[in-house]
Amino acid sequence: VSIISYDPLWNTMRRKNISQYQLLKAGIDNKTLDSLKKNKNITLLTVEKLCNILDCSPNDIVEFL
C-alpha cells in the first residue's frame, strides 16, 4: 500500500477548475498523469511544475499517509 496520496492534487484542481487536459497542455505528460492517478512516484521537478501550473504549494498536491 502506497503511503503517498495525490488526493490533494485532484481536490486542488477541482477547486481551481483546472482539467487534466489543461495539465497536458501545460507540459505534464500522460505517463505522469497515469502515475498521479495510481499514487506512484513522481519527481520533485514535476511537483514544482504542478505547483507553478496550479499556483499552489506542495501540500496542495501530495500528502503522506
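## A nonpolar patch and the overall fold

In this predicted model, Ile-3, Phe-64 and Leu-65 together make a nonpolar surface patch of about 380 Å². One of these residues, Phe-64, lies in strand 2, which covers residues 63–64. Is Phe-64 buried or exposed? The relative accessibility of Phe-64 is 61%, and because exposed residues are those over 50%, Phe-64 counts as exposed.

Turning from the patch to the protein as a whole, the secondary structure comprises four helices and two strands, and these elements follow one another along the sequence in the pattern β-α-α-α-α-β. The radius of gyration is 11 Å, close to the 11 Å that the globule rule gives for 65 residues, so the protein is as compact as a globular protein of that length.

The values for the whole protein that concern extent and surface are collected below.

| Property of the protein | Value |
|---|---|
| Span of the C-alpha trace along its principal axes | about 30 × 20 × 20 Å |
| Accessible surface | about 4,400 Å² |
| Part of the accessible surface belonging to carbon and sulfur atoms | 50% |
| Buried residues among the 65 residues | 37% |

How are the contacts of the protein distributed along the sequence, and what percentage of those between residues at least 6 apart join residues at least 24 apart? When contacts between residues at least 6 apart in sequence are considered, 64% of them join residues that are at least 24 apart.

Key
Residues numbered from 1 in each chain as written. Predicted model: local features only at pLDDT ≥ 70, side-chain atom pairs only at ≥ 80, totals over all residues. Heavy atoms only, no water. Patch = residues over 30% accessible without salt bridge, like charges linked within 9 Å, V, L, I, M, F, W, Y side chains within 5 Å. Areas by Shrake-Rupley, 256 points an atom, 1.4 Å probe, with all protein chains shown as cover. Salt bridge = Lys/Arg side-chain N within 4 Å of Asp/Glu carboxyl O. Buried < 20%, exposed > 50% of the residue type's maximum accessible area, 1.4 Å probe, protein only. Rg over C-alpha atoms; globule rule 2.2 N^0.38 Å. Contact = heavy atoms within 4.5 Å.
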